[in-house]
Every structure is written in C-alpha cells, then in structure tokens.
Amino acid sequence: MSKLKNDRYLRALRREEVDVTPVWMMRQAGRYLPEYRQLRAKAGDFMAVCQSPELACEVTLQPLRRFALDAAILFSDILTIPDAMGLGLYFAKGEGPRFNHPIQSLSDVKALSIPDPLKSLSYVPAAVKTIVRELDASVPLIGFSGSPWTLATYMVEGASTKQFTKIKKMLFSEPATLHLLLDKLALSVIDYLNAQIEAGVQAVMIFDTWGGVLSGDCYREFSLAYMQKIVEGIHRSVDGQSIPVTLFTKNGGQWLEWIAQSGCDAIGIDWTCDMDDARRRVGDKVALQGNMDPSMLYASADKIESEVKRILKQYGHGNGHVFNLGHGIHQDVPLENAGVFVDAVHQYSRAYHQTSYKG
C-alpha cells in the first residue's frame, strides 16, 4: 500500500492529529456535476456506468478535479449485491430503483445464493484497482456497501418506499424469514467489502439509510446486530495499515452509544443530531463524521461559511472529526456552493488543531 500524499481522512478516523479537519461529501460523485450528466447520457443508463471500471473511475475522479476533497469514494450503488443475487435490478425514470423479482416468501430467501464478488460483482474490484491506480496515492479511496437491513427493505418492497409496509410485515409476522435474509446479506457484504479492500480501498463505510425507521429494540435486532457482524468479519488491516470502518444510520442519532459499541472506528451522523451532544455521548470511543444539512448548500456563501463555523465550534478542539454533509448532496446544488463548503472547512478548522502536525 503506497504512502498517501494526503492522509487526513484516515488519520481523523483513527483519531490521530491532523492539521485541518478533513472533508468529503456523500454522493460527491454524481448528478450535481455537469460532467457526470454528460457521461451518463453517453453511457445510456446508470448501471452501465457502475459496471464499467473505466467509467466508474472517471466519475469517482470528477469531483476531485473541482474541489480540494480529502477522500474519494467509489462510484457504485448499494443495490449491486441484490442485483447479483438475481433480483433483476433496474431504474425506472423518475421512480428510482426497482426489482423484477422481489423477495416475497421464505422459499425466495432460501433460494438466494451469496454472490462471489470476484465473479458476479467483478466489475467493482476492477473499478477499485483502476481508481487506486489513477489516484496515484493522492487521497484515500473509500469503499462501501448498504447495510443488510437497508438492502432488505428494497429487496422485499421491490422498490423505494415511504411506508415500509412489506418489510415490517415480514419483521413482525415472519421474523425468522427476515433473519435468514439479513444473515445472507451480512455474509454477502463481508465478502463484498473484503474484495474491495483486497483491491485497494483504504477505508469502508456501511450505509444504513433506513435503519432510522425502526424502533430501538428492532434496530438493535434487525440492523445493528448485522452491521456488527460485518465489522467483525471484514479485513481490518492490510500490509500493517488499519482499514477504518464507518457506520452511518440515517436518523440514528438516538442510538449513538449502541453504535459506538459495535467495534466500528467512526459513526456518521445526520443534521438532526448536534455534534457537541454526539461527541459528549461517544467520548473517545469512535470518530464522528458529519453533519451539515445538505440543503444548506442552497444558501449564500456567507451562510454556508457560518454553518461550517458553527459545526466546527460544536465539535470543538481535538481530533476525530471528518466533516461531511448529513446525507447526500442534492443534484441541483450550485457547484460554487459546494466549493465554498469544502474550502470553508479547511480554512476555519485549522484553529481547532494543534500546529505541530503539518500533514
């Protein structure tokens, strides 16, 4: 593993000293960039981009050419695993992801096989290798997966949903069926993330987008338990270098103490949880990532800078903070505002770090 020119992100996840707070943006590679929209139009569809290592590499690198980001994140989708399981993923215009063969019964779950990431998902590690080569050790590359619970919601509902009726019906009426599905997904995610790590990613993140729709007890049983299984199963060290793991449960701020006990290195938090409260509650157990409201990027430059200052002040002095949005950047955000955000984090965070570390 080559020595990185900029390792702020990894150092922050390890709660080590940095010169400024590192920053990246969830969904930083994507629809808000005109160059991405042009590439997507030429490629034909979203999955065509994901399944081409060269195109996925290009999209991953696009935001780094515009902004002084401290990490790149693999361009892919959380639903690649269900697609490899044979559910027939497709994207309906204006409706988001859908499956031709959603999970409807115990027999459907039993029929699922755990995909080999070097076969049915081989385009992902191939993309990782291409991106790592092109990054040339400039910044670390983040690999990722959806959480088992979040993947299961799409697989059972068959599409995006606001009610979660089908998955919750399974949870309460057939919990053993759901546990079998979640266990297969956890094993699949372990293999998938290990393949990404083997290919060269230097950190991984698990997106639990829909964990926040559960009650506390259900969250622990049906979401967090399986993320903890993944944390325990993935390779945490390569060539003597640790591979930090970040867990992000949207609307999961009420469960920070539980998440901090999972064995992860960092917790992603959204804007509904104040950074000072989050830091007080987790102490020095884990790093924190977040947490500006993505809609703040519609505001004026002065307002964006003011909000960055406020969050930095909330976290306070010391290490262990990765600045990010509380969820993905919106597709119609003005590009210059994203630049204001990234630059403001670097400019105003320096005062919160010791000056002995120069990067």
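**Asking why: burial, bonds and a pocket**

Student: Let's start with α7. Which of its residues are buried?

Tutor: In this predicted model, the buried residues of α7 are Tyr 123, Val 124, Pro 125, Ala 127, Val 128, Thr 130, Ile 131 and Leu 135. To earn that label, a residue needs a relative accessible area under 20%.

Student: And what covers the buried residues of α7?

Tutor: The cover includes the helices α3 (46–50), α4 (53–66), α5 (80–87) and α10 (175–199), along with the strands β1 (72–73) and β4 (141–146).

Student: How do you know that the reach of α7 is close to what's expected?

Tutor: Take the 13 residues of α7, which runs over residues 123–135. The expected span is 1.5 Å times one less than the number of residues, and for α7 that comes to 18 Å. From first C-alpha to last, α7 also reaches 18 Å, so the two agree closely.

Student: What happens to phi just after α7, at Asp 136?

Tutor: Asp 136 takes a positive phi of about 55°, although Asp 136 is not a glycine. You'll find Asp 136 in the loop between α7 and β4. Ala 137 lies in that loop between α7 and β4 too, and its phi is positive as well, at about 65°, again without being a glycine.

Student: Why is Asp 136 called exposed?

Tutor: Asp 136 has a relative accessibility of 52%. Exposed means over 50%, so Asp 136 counts as exposed.

Student: Then is Ala 137 buried or exposed?

Tutor: Buried: its relative accessible area is 16%, and the limit is under 20%.

Student: Back to helices. What do the buried residues of α4 pack against?

Tutor: They pack against α2, α3, β1, α7 and β4. The buried set in α4 is Pro 53, Ala 56, Cys 57, Val 59, Thr 60, Leu 61, Gln 62 and Pro 63.

Student: Cys 57 catches my eye. How many disulfides does a search of the whole structure find?

Tutor: Zero. Cys 57 is in no disulfide, as its nearest cysteine sulfur, that of Cys 50, is 14 Å away. A disulfide needs the two sulfurs within 2.5 Å.

Student: What makes Cys 57 buried?

Tutor: Its relative accessible area is 5%. Since the limit is under 20%, Cys 57 is buried.

Student: Why is there no bond between Cys 273 and Cys 264?

Tutor: Cys 264 holds the closest cysteine sulfur to that of Cys 273, but the gap is 14 Å, too far for a bond. The cut-off is 2.5 Å. Cys 273 also counts as buried, at 5% relative accessibility.

Student: What makes Thr 246 buried?

Tutor: A relative accessible area of 0%, set against the limit of under 20%, puts Thr 246 among the buried residues. Thr 246 sits in strand β8, residues 245–249. Leaving out neighbours within four places in sequence, its contacts are Tyr 9, Leu 13, Val 204, Met 205, Ile 206, Ala 266, Ile 267 and Gly 268.

Student: Why is Thr 177 called buried?

Tutor: Thr 177, in helix α10, has a relative accessible area of 6%. That is under 20%, so Thr 177 is buried. Sequence neighbours within four places aside, Thr 177 is in contact with Ser 105, Leu 106, Val 109 and Met 170.

Student: Which residues does Gly 216 touch?

Tutor: Trp 255 and Trp 258, not counting residues up to four places away in sequence. Touching here means heavy atoms within 4.5 Å. Gly 216 belongs to helix α11, residues 216–233.

Student: What is the volume of the largest pocket, and which residues lie nearest its centre?

Tutor: The volume is about 1,500 Å³. Of the 40 lining residues, Arg 27, Arg 31, Phe 46, Asp 77 and Phe 91 lie nearest the centre. α2 (34–43), α3, β2 (89–92) and β3 (96–99) each supply at least two lining residues. By class, the lining has 20 nonpolar, 11 polar and nine charged residues.

Student: Last one: where is the peptide bond that is cis, with omega near 5°?

Tutor: From Gly 290 to Asn 291. Asn 291 lies in the loop between β10 (287–289) and α14 (301–315).

Terms used. Residues are numbered from 1 along each chain as its sequence is written. This is a predicted model: local features need pLDDT of at least 70, side-chain atom pairs count only at pLDDT 80 or more; totals for chains, interfaces and linings use all residues. Side-chain values use heavy atoms; hydrogens and water are left out. Helices (H or I, at least four residues) and strands (E, at least two) are DSSP runs, numbered from the N terminus. Buried means under 20% relative accessible area, exposed over 50%, partly exposed in between (1.4 Å probe, protein chains only). On a 1 Å grid over the protein atoms alone, a cavity is a set of points where a 1.4 Å probe fits but cannot get out, and a pocket is an open set with protein on both sides within 12 Å along at least five of seven lines; lining residues have an atom within 4 Å of a point. Grid points are joined across faces, edges and corners, and a volume is the space filled by probe spheres set on the points. Ala, Val, Leu, Ile, Met, Phe, Trp, Tyr, Cys and Pro count as nonpolar, Asp, Glu, Lys and Arg as charged, and the others, Gly among them, as polar.
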